[in-house]
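This report introduces a structure to a reader who has not met it before. The text is best read with the model open alongside.

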Amino acid sequence: MSEREDKLGCRLWREYAARRTSVPGGPEIAPNLLAAYLDGKADPEAVERIEARMAEDPDLLEAVLEFRRLQDFPTPPAPPAVAIRAKSLVVPAVQVPHAVVAAAGRWWQKLQWAAAAAVIIVAGLGGYSFGGDTFLARQTAEQRAAAQVTGEIEDLISEPDLSVTGQANGSPEGQS
Amino acid sequence: MDDVLENCLRGRKWAWDAFVDRYAGVIFAAVGRVLGRGRDRTEEAEDVAQDVFVRLVRNDFALLRRYDPDRSSITTWLTIVSRSVAIDHLRRRRLQAVSLDDAPPTTAPPEPQTPSTPTAEHPMELLTARQKLVLQLIYDRDMDPEAVGRVLGISAQTVRSTKHKALQRLREYYEKEGPP
């Protein structure tokens with residue numbers, strides 16, 4: 001194309017660009033779809049949709065241009081701090097050897113039995129202790145009550161009722 | 001999906017370390033491209049690159065799991081994701097700058113832009129999206145057909161033919177409507 005033709009072409013484009021109405025953006029282009037377009041793996045329909053968006057959205061066009069510029073140069077290595085910090089995001093899972101796990105399992109089983117036995121013994125001792133205390137306390141209370149009743153009877157036997165005696169025998173004043 | 005990526009998603013530390021070694025450069029370069037150059041920018045780019053890695057591993061590698069190996073290479077996908085995170089970062093930085101400064105009083109919304117010649121709205125189908133893009137890249141960005149072809153993933157010959165058809169359509173349109 002000659003220079004003159006190209007200038008005319010440029011004029012036509014500028015006129016069109018100045019007068020064309022912009023199209024609303026539409027939904028965001030998903031990273032997977034844009035990546036497919038950039039790698040030449042998007043289907044024709046997706047290509048059309050993305051290019052229509054690029055023609056109206058300077059940010060998307062800039063993203064594509066930037067990506068192509070990045071492709072033109074070899075990727076320089078990142079500063080070491082970037083990798084060090086990034087690696088710290090994932091911590092190693094604790095790897096326990098199988099033999100240790102099996103041994104721990106056996107010990108754990110034994111420990112469970114021991115714990116169960118301990119619970120039974122403690123419960124038994126506790127029950128005996130609590131029950132014994134209760135029995136002794138009850139026995140003591142009963143003994144005390146019995147003793148009190150006995151004491152009262154003995155008191156009644158040993159101490160004559162003076163008032164009754166007085167009425168039966170007559171008072172000394174009455175005799176005199 | 002390659003072995004490293006697969007084991008990464010299983011939470012294997014060695015795989016994650018290998019992933020970082022392999023792609024830290026790609027992520028850092030994509031972020032740096034958005035933020036620009038300079039000593040301060042390098043530190044900022046390191047932080048934003050870390051943010052990209054955080055987003056990749058967060059919620060049991062939820063973002064990394066979205067990568068589809070059948071549709072693109074991991075490098076391309078990571079570049080897009082990194083760029084997106086860097087743009088988010090710039091937006092947040094601008095918002096913070098606005099909130100720290102005295103916000104200017106709210107002004108009336110701008111007048112809707114009207115075309116210079118109100119009657120001359122173009123039919124949308126006059127040019128295809130690709131034709132518009134080709135002319136835009138050639139005339140607005142001063143790119144040659146080879147460079148345009150690299151951007152759009154097509155041959156330089158296809159670019160030339162697309163340009164030719166586009167200009168022909170414009171010429172025919174303006175001949176009917178009157179010269180521009």
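Axes are lines fitted to C-alpha atoms, for helices over the stretch in contact, and the angles between their N-to-C directions run from 0 to 180 degrees. The model described here is predicted. One pair of axes that joins the two chains is that of helix α1 (residues 3-19) of chain A and α7(B), which come within 10 Å and cross at roughly 70°. Because angles of 65 to 115 degrees count as roughly perpendicular, α1(A) is described as roughly perpendicular to α7(B). On the chain A side of this contact stand Gly9(A), Leu12(A) and Tyr16(A), which meet Leu167(B), Leu170(B), Arg171(B) and Tyr174(B) of α7(B). By class, the residues of this contact are five nonpolar, one polar and one charged.

## The interface as a whole

Between the two chains, 48 residues of chain A are in contact with 52 residues of chain B. On chain B, at least two residues of the touching side come from each of α2 (13-35), α3 (39-65), α4 (74-100), α5 (129-140), α6 (145-152) and α7 (156-177). The largest share of that side, twelve residues, is supplied by α2(B). The side of chain B that touches chain A has 25 nonpolar residues, together with 13 polar and 14 charged ones.

## Chain A

Chain A contains eight helices and zero strands, and its elements, taken from the N terminus, run α-α-α-α-α-α-α-α. Of its 176 residues, 15% are buried.

Helix α2 (residues 31-38) of chain A is mostly covered, with seven of its eight residues buried. Those buried in α2(A) are Pro31(A), Leu33(A), Leu34(A), Ala35(A), Ala36(A), Tyr37(A) and Leu38(A). Just beyond α2(A), Gly40(A) adopts a positive phi of about 70°.

How confident is the predictor in chain A, as a mean pLDDT? The mean for chain A is 78, and 73% of its residues reach 70 or more. Within chain A, confidence is highest in helix α5 (residues 80-87), at a mean of 95, and lowest in helix α8 (residues 172-175), at a mean of 43. Over residues 162-176 of chain A, pLDDT stays under 50, and the model has three contacts beyond four places in sequence for this stretch.

## Chain B

Chain B has seven helices and zero strands, in the pattern α-α-α-α-α-α-α along the sequence. Buried residues account for 31% of its 180 residues. Among the contacts in chain B with a separation of 6 or more, 53% join residues 24 or more positions apart.

One example of residues distant in sequence is the pair Asp2(B) and Pro69(B): they are 67 residues apart along the chain, and their C-alpha atoms are separated by 8.9 Å. Asp2(B) belongs to the segment before α1 (3-9) of chain B. Asp2(B) has 13 C-beta neighbours inside 10 Å and therefore counts as partly exposed.

Helix α2(B), already named for its share of the interface, has a kink of about 50° centred on Tyr23(B). After α2(B) comes Gly36(B), with a positive phi near 95°.

Further along the chain, the axes of α6(B) and α7(B) come within 8 Å and cross at roughly 105°. These two helices are therefore roughly perpendicular to each other. In this contact, Pro145(B), Glu146(B), Val148(B) and Gly149(B) of α6(B) meet Ala156(B), Thr158(B), Val159(B) and Arg160(B) of α7(B). The residues involved comprise four nonpolar, two polar and two charged.

## Positive phi outside glycine

Two aspartates of chain B are set out below, with their phi values, locations and exposure.

| Residue | Phi | Location | C-beta neighbours inside 10 Å |
|---|---|---|---|
| Asp60(B) | near 60° | helix α3 of chain B | 9, exposed |
| Asp142(B) | about 60° | loop between α5 and α6 of chain B | 8, exposed |

Asp60(B) takes its positive phi although it is a residue other than glycine, and it is found within helix α3 of chain B. Asp142(B), likewise not a glycine, lies instead in the loop between α5 and α6 of chain B. Why do these residues count as exposed? Asp60(B) is exposed because it has 9 C-beta neighbours inside 10 Å, and Asp142(B) because it has 8.

Notes: Residues are numbered from 1 along each chain as its sequence is written. Chains are lettered from A and ligands numbered from 1 in the order in which they are written. This is a predicted model: local features need pLDDT of at least 70, side-chain atom pairs count only at pLDDT 80 or more; totals for chains, interfaces and linings use all residues. Two residues are in contact if their C-beta atoms, placed from the backbone, lie within 7 Å. Helices (H or I, at least four residues) and strands (E, at least two) are DSSP runs, numbered from the N terminus. Ala, Val, Leu, Ile, Met, Phe, Trp, Tyr, Cys and Pro count as nonpolar, Asp, Glu, Lys and Arg as charged, and the others, Gly among them, as polar. A residue is buried if 20 or more other C-beta atoms lie within 10 Å of its own, exposed if 12 or fewer, and partly exposed in between; C-beta atoms are placed from the backbone. pLDDT is the predictor's confidence in each residue, from 0 to 100. Angles under 35 degrees count as roughly parallel, over 145 as roughly antiparallel, 65 to 115 as roughly perpendicular and the rest as oblique. The bend at a residue is the angle between axes fitted to the seven residues ending there and the seven starting there.
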